[in-house]
Amino acid sequence: MASPVFTHDFDYETFKHKVSFPTGIFIGGKFSAGSDGTTIDVISPTNGKVITSIAEGTAKDVDRAVQAAKHAYEHSWGLRVPGAERGILLTKLADLMQTHYDELAALEALDNGKTFSWAKAADLNMSVATIRYYAGWADKIHGQVIETSEDKLAYTRHEPFGVVGQIIPWNFPLMMMSWKLGPALATGNCIVLKPSEFTPLSALRMCSLINEAGFPPGVVNVVTGYGDTVGSAIASHMSIDKVAFTGSTLVGRKIMEAAAKSNLKNVTLELGGKSPNIVFDDADLEMAVNWSAHGIFWNHGQCCCAGSRIFVQAGIYDKFLAAFTAKTASLKLGDPFAHDSYQGPQVSQVQFDRIMSFIDSGKQQGATVHLGGERHGTEGYWIQPTIFTDTKPDMRIVQEEIFGPVGVVIRFESEEDVLTAANDTLYGLAAAVFTRDITRGIQFAHRLQAGTAWINCVNQLHPNVPFGGYKQSGVGRELGEYALNNYTNVKSVHVNLGHVM
C-alpha cells in the first residue's frame, strides 16, 4: 500500500513556501503504509484541527525495520564503512538541513506549536550543529594500546552495537532526532527510530534528506506510531541491542523494564526534571529576571530542564517578584508564525489537560495564583504564563514536573536552607544560580545534585558539552564525546608475542 503524502502551503509574512513529502513508514530507504494500513491524525495545537495523517506503524513494522537495519549493518554500514566516509555523509546531511533550514523550522512550528522564530534560532541551529559535530567524530572512534609486558600486545576496540532503537519526544522533535542520530551514525550503528505521533513531520521530512545525502538503505529507519505499540516493540525487541529514550521518567521506567525483560539491552535515558533556579541577594536583578522568565516560559514550559522552582533570597524577593511579574506579563502569546510571538500553544489536548490539572491542584492546595492560571483564547491548547507564590514544599506544583508554563517563586533566607530545598527532589537534570560573586556561584553549583548547573544563565546547550541527569532524571549522557560511549561496545584484544606455556 502506498505511503500517504503531506502537501501544505505556508503563507505567512515570515515564511512562504510549499512543501510536499511522504508521511509513511520509512524502512530500507523507502516509504510505505503501515502493515495494517491505518493512519494517525496529526493535530494543530494552534486550533485543534487536523493538519494531515501519517502511517500508523505496528510491531510488524518494527520487525521489518530491524531486518532492514541488520542487513545494512552487515553489508553496507558499520565497520565496513570507514569513519571518514561516515563523516562525509553526516556532513552532507548537515548541509541539506542547512539548505532546508526554514522549511524544517516551519514544520516544527506547525505540528509542535513553538514559534517559528525560536525554531530557527534554537532548534534548527542546534540540530545542524549537532550533526556537523558528530561528523567530525566519525573517524576518531578509537581504543587504546595498553602496556602489560613485552610478550603481549593488548589493545581495545570501540565497536558499534549494530542495530539500535531510538525513541524521541515531541517538545524538540528535530533537535532530539539530531542528538540521537549524530553519535549513533558516527560510531557505525544502524537505527530504528520512533518519533512522537504528535510531532512527526520534521522526522519524516528528514528521511528524504537522509536518502538525498546518500546513506545506504536501512541505515536509518523511521517507524511512526504509538508508544504502547511501536515504542514497546522497540524497547523489547530481541534483535535491538541498545535503546535510547528521551521523555518522561514514568515512560523511562517502562523502557528500562522492557529492556531488562527482553535481552537486557543497553539503555540510555534522558528524562524529566524539576530544576531549581536560585537567585541570591547580590544577583544582577535585571539579568536574573530575564533569564528566569526564559528558563520557565521558553518553549511554553515544555522543556525537561525548565527552571520551574524559582528560589529568591529574602533581601530582593519583593523587587524580583514585581519585575518577574512584569516581564512575564509582557511575553506575547500568539500565532507561532508571527514575528513578535514568544509563546505558542501547548502541544496537545492531553498536555493541556495535564497542565491545567496541576494549576487546579495548586489552587486547591492553597497556593496563590500570582499571575495567569487560566486558558488563553477559545480554541487550540493555549495556557497563560502562570506564576504561583505562597507554596509549601509538599505541594504537587513544587514536587512534580508540570511540563508547561507554570513556575513557583519561593522565598529563602540562607544558603544552606536553599541548598536543602533545591536538592529536595526526585530529579536532578539541571539547576541555575544567579550571583555576582563568581566564587560563590561555582562553589554552590558544585553542591547541587544536577547533571547541568548554569551560573548567571539558563537553557544553554552546546553539541560538545554533555547533557544528562542525576537521580531519576536519566541514565547516561547526551552530546559531547560522552555520548559516543552510549553507542559502542569495548572489546579487549590480547595478542601473544612470546609467552610460552
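**Exercise 1. Work out whether D61 is buried or exposed, then look at its salt-bridge partner.**

Step 1. Start with the accessible area: D61 has a relative value of 0%. Buried means under 20% relative accessible area, exposed means over 50%, and partly exposed is in between (1.4 Å probe, protein chains only). That makes D61 buried.

Step 2. Now find the partner. The side chain of D61 meets that of R64 in a salt bridge, 3.1 Å from N to O. The term stands for a side-chain nitrogen of Lys or Arg within 4 Å of a carboxyl oxygen of Asp or Glu.

Step 3. Check where the two sit. R64 and D61 are three residues apart in helix α1 (residues 59-75), so about one helical turn separates them. R64 is partly exposed, at 37% relative accessibility.

A word on what you're looking at: this is a predicted model, where local features need pLDDT of at least 70, side-chain atom pairs count only at pLDDT 80 or more, and totals for chains, interfaces and linings use all residues. Residues are numbered from 1 along each chain as its sequence is written, and side-chain values use heavy atoms, with hydrogens and water left out.

**Exercise 2. Place the salt bridge of E257 and K261 in its helix.**

Step 1. The side chains of E257 and K261 come to 2.8 Å, N to O.

Step 2. Both belong to helix α8, four residues apart, which is about one turn of the helix. Helices here are DSSP runs (H or I, at least four residues), strands are runs of E (at least two), and both are numbered from the N terminus.

Step 3. Compare the accessibilities: E257 is partly exposed at 42%, while K261 is exposed at 65%.

**Exercise 3. Find which distant parts of the chain R411 and D318 link.**

Step 1. R411 forms a salt bridge with D318, with the closest N and O atoms 3.8 Å apart.

Step 2. R411 sits in strand β18 (residues 406-412) and D318 in helix α10 (residues 317-330), 93 residues apart.

Step 3. R411 is partly exposed at 44%, and D318 counts as exposed at 55%.

Step 4. For the wider picture, shared partners join R157, E159 and K491 into one salt-bridge network. The structure holds 19 salt bridges.

**Exercise 4. Describe the largest pocket and its lining.**

Step 1. Take the volume: about 1100 Å³. A pocket is an open set of points on a 1 Å grid over the protein atoms alone, where a 1.4 Å probe fits, with protein on both sides within 12 Å along at least five of seven lines; lining residues have an atom within 4 Å of a point. The volume is the space filled by probe spheres set on the points.

Step 2. Look at the lining: 43 residues, with W170, F245, G247, S248 and V251 nearest the centre. The elements giving two or more residues are α7 (227-236), β12 (242-246), α8 (249-261) and α11 (349-364). The largest share, seven residues, comes from α8.

Step 3. Sort by class: 19 nonpolar, 15 polar and nine charged. Ala, Val, Leu, Ile, Met, Phe, Trp, Tyr, Cys and Pro count as nonpolar, Asp, Glu, Lys and Arg as charged, and the others, Gly among them, as polar.

**Exercise 5. Do likewise for the second largest pocket.**

Step 1. This one holds about 360 Å³ of space.

Step 2. Its lining has 22 residues, and A122, W298, N459, Q460 and L461 lie nearest the centre. The largest share, six residues, comes from α4.
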